[in-house]
Amino acid sequence: FLVLKIANVNWQSKLNKAAHHTSDYSSTEAILRRGQAFSITLNLQTAVQSGDNFTFIASTGPSPAESQQTKAIFNLSEEGASGWSATQEPSEPGCMNFMIFSPADAVIGRYKLKLQIVSGNKVSSTFLGQFVLLFNPWCPNDDVYMANEEERQEYVLNDSGIIFQGLEKYIQQEAWNYGQFEEDILDISLAILDRSLNHQEDPAVDVSKRNNPIYVSRVISAMVNSNDEKGVVEGKWNGKYRSGTNPLQWSGSVTILRKWYRGRYKPVRYGQCWVFAGVMCTVLRCLGIPTRVITNFNSAHDKNINLSIDKYIDVSGKTLHLTEDSVWNFHVWNESWFIRRDLGSFYDGWQVLDATPQERSKGIYQCGPASTRAIKEGDVNLDYDSSFVFAAVNADCVTWIHYSKKRKERIYSDTRKIGKFISTKAVGTNSRVDVTANYKYPEGTSKERQVYKKALKLLGVRRTGKRTRIRRRSSVAWRQNMTQPAQKPGISGKLILDATPVIGQDILLTLALKNLISDFKTIKVKLRASAILYTRKPKAEILQLSRSIKLGSEEVKEISFKISYSQYKNSLMDDRKILVTAVCKIKQGASLLVEKDIVLQDPFLTIKVLGPTVVRKAVTVQVTFTNPLSEVVTDCVLRAEGSGLLKEQLRINVARMAPMESSTVQFEIIPYKSGTRQLQVDLVSIHFSGIKGFVMLDVAPA
């Protein structure tokens, strides 16, 4: 008998990639999705003997085993026990065509494929090559199956997007380059799985669990932050970023992931919530799990999960750090789409994952997947971390004036409702979609009350707001009774901006106070302005004023004041956020707290593309921007990036700009992918934080 000799193997790259929706990956390797057939052609040097028996062996991970589903042995035309199978298709003379099927619950990752031929008494084994197997949202039997094609295009194949930031009353669009198909990103995503603590502990068991999106997404939520296992991004929230990159200056995940990979897995400095969420979205989309980025405005970080956020201030309105709880202007996390075999089909669909290192879950900084249905129904006892996410969108905010260790007074403030305008980018466009209804029933309905009570009971929270281990008590009080209610002060107040605040200019404000009853009052007002981060942590005092006001029966009075540029210019953080508070104390009466968050607007940056955009054709981009300050600015850098447009980030030095001067810069791009592309441009300087802009381009095929 002659042993069959194979001249070469054709992995039918173009054909398979088109069928498996993997044409976008910048790699020559075979990239395939599970639960779907792929073709492979063998070009032969010798003829096939009639009695030849063909057996295929597919294996993945460091120690492949059939018992762990990391090795599959299957013969031609019979489905193996593993669910893998192969059939022979008609072919030209001198070659053989095979269709190979993987099961819809196969382990994802890089595989080796071998062919064993038994010819008479001779056995020969040939290595056919490697391929990568991914999750398959197009396959109805895959746990990540998504039925709608437009949604798959957005949540799996769109490599750019929008992350919402700012304030509930001033929502800003920030562009983000996910770049999941760019060079090396798939290899990096697989390397992230291999660097996890689970993999270090038991590689064989870890790899065998990679068929499950619940497991894979949870591991990635731990690996995207650097806290436990030298993961990808190191978080920092205190405003000095000299030994790394300011989190506001990232505009996409590709630079970050490559830096981590090329720097031998040293965590990349620094990230804040949107950076963790942007990077996690890239990795999960890259592996084939439909994923989107979510922003929750007025997001509670409830450390002890008693659904109450206590904030302490002194008599002048200064924030006192007496508690670990906080309310962030916004917080960004992810949702991924898959079914919950562990919880039951009611909890299928969007699952919350949060890679920002806030609290430990089972000993590690990881969060999720928590089913959005579980959060909406108050099922806070369900895996994973649904209580933490429930608190982020539902906790109550209580403010106290702290006089001494013995004495505190609950102050009335028009409560900032927690969990507002929960937002994500729309399918197919850049508009904002409000998904708050996926997280909670309408505010004030009996259903919302019922869910809140159920959550308190499951968490074992007593009416004092203290956690209790005894769950027998049925006195789970509704939220008003959680603490003594604040006395209503008989006045109302509002802080009003007289004009849109722009960086480099004075900020004009008015405090309007109204007497709600027919009596005469004297009110002591203490106004304070501080520079804050988006976590609402005060970083620097800007201004303090005291006033005394007399209000007659139902009278309205206004106090106007300004925060000048010279007052805020040296204390403003890169977030460009200022918190203004007014503590209004009625003589022999209650107090009122009035608050306003201000975001200073950036000057605009305009981007013009001078000509049609076509694959492999150079086109000029013109960017115009203005120095917003009344002083000379030196050493600015203009940066541009965009998947399918620029393979690496482009940097152009802008030497000097006079006060309020406009400047124009031109550069060239050569698009390398067709379709809708996002070009981002920003101007970075040590004098002001990045001025950003983006433009969507429709690139025609060559």
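**Notebook: salt bridges, active-site residues and confidence**

I began with Asp-187, which is partly exposed, its relative accessible area being 29%. The model I am reading is a predicted one, and I keep that in mind for every distance noted below.

**Entry 1, the partner of Asp-187.** I looked up the charged partner of Asp-187 and found a salt bridge with Arg-110, in which the closest N and O atoms are 2.5 Å apart. The two residues come from distant parts of the chain, with Arg-110 in strand β8 (residues 109-119) and Asp-187 in helix α3 (residues 185-194), 77 residues apart. Arg-110 has a relative accessibility of 27% and therefore counts as partly exposed, since buried would require a value under 20%.

**Entry 2, a second pair.** I then turned to Arg-536, whose salt bridge with Asp-597 has its closest N and O atoms 3.2 Å apart. This pair also links distant parts of the chain, for Arg-536 is in the loop between β27 (521-532) and β28 (538-551), while Asp-597 is in strand β31 (residues 591-599), 61 residues apart. Arg-536 is buried, with a relative accessible area of 10%, and Asp-597, at 12% relative accessibility, counts as buried too.

**Entry 3, a strand-to-strand pair.** I next noted the salt bridge of Asp-682 with Arg-639, where the closest N and O atoms are 2.7 Å apart. Asp-682 belongs to strand β37 (residues 675-684) and Arg-639 to strand β34 (residues 633-641), so their contact ties together parts that are 43 residues apart in sequence. I checked the accessibility of this pair and found both Asp-682 and Arg-639 buried.

**Entry 4, the salt-bridge count.** Over the model I recorded 31 salt bridges. I also found a network of salt bridges that links Asp-184, Arg-258, Arg-262 and Glu-648.

**Entry 5, the annotated active site.** Which residues does UniProt mark with the feature "active site"? The record, an unreviewed entry, places it at Cys-273, His-331 and Asp-354. These positions are spread over 82 residues of sequence, yet they cluster in space, with a largest C-alpha distance of 9.8 Å. The same kind of source, again an unreviewed UniProt entry, gives the annotation "domain: Transglutaminase-like" for residues 265-357. I computed the make-up of residues 265-357 as 16% helix and 44% strand, with the end C-alpha atoms 18 Å apart.

**Entry 6, Cys-273.** I located Cys-273 in helix α8 (residues 273-287), and at 0% relative accessibility it counts as buried. Setting aside residues up to four places away in sequence, Cys-273 touches Trp-237, Trp-328, Phe-330, His-331, Val-332, Thr-356 and Tyr-534.

**Entry 7, Asp-354.** Asp-354 sits in the loop between β18 (349-353) and β19 (370-371), and its relative accessibility of 4% makes it count as buried. Beyond its neighbours within four places in sequence, its contacts include Ser-221, Met-280, Trp-333, Gln-366 and Cys-367. His-331 is also in contact with Asp-354, and a polar contact of 2.8 Å joins the side chains of these two residues. A polar atom of the Asp-354 side chain lies 3.0 Å from the backbone nitrogen of Thr-356. Which side chain of opposite charge is nearest to Asp-354? The nearest is Arg-218, 11 Å away, and Asp-354 has no salt bridge although it is buried.

**Entry 8, helix α2.** I listed the buried residues of helix α2 (residues 149-157) as Arg-152, Glu-154, Tyr-155, Val-156 and Leu-157. What covers them includes β2 (30-33), α8, β14 (291-301), β18 and β23 (420-425); of these, α8 is the helix in which I had located Cys-273. At the start of α2, a side-chain oxygen of Asn-148 comes within 2.8 Å of the backbone nitrogen of Glu-150.

**Entry 9, confidence.** I closed with the confidence values, where the mean pLDDT of the protein is 92 and 96% of its residues reach 70 or more. Over residues 467-482, however, the pLDDT is below 50, and this stretch has 36 contacts in the model beyond near neighbours in sequence. Where pLDDT is low, the predicted coordinates should not be read in detail.

How values were computed. Residues numbered from 1 in each chain as written. Predicted model: local features only at pLDDT ≥ 70, side-chain atom pairs only at ≥ 80, totals over all residues. Heavy atoms only, no water. UniProt positions renumbered as here; feature names shortened; annotations may be inferred. Helix = DSSP H or I, 4+ residues; strand = E, 2+ residues; numbered from the N terminus. Buried < 20%, exposed > 50% of the residue type's maximum accessible area, 1.4 Å probe, protein only. Contact = heavy atoms within 4.5 Å. Polar contact = N/O pair within 3.5 Å; in protein donor to acceptor, adjacent residues only side chain to side chain. Lys, Arg positive; Asp, Glu negative; His and termini not counted. pLDDT = per-residue confidence, 0-100.
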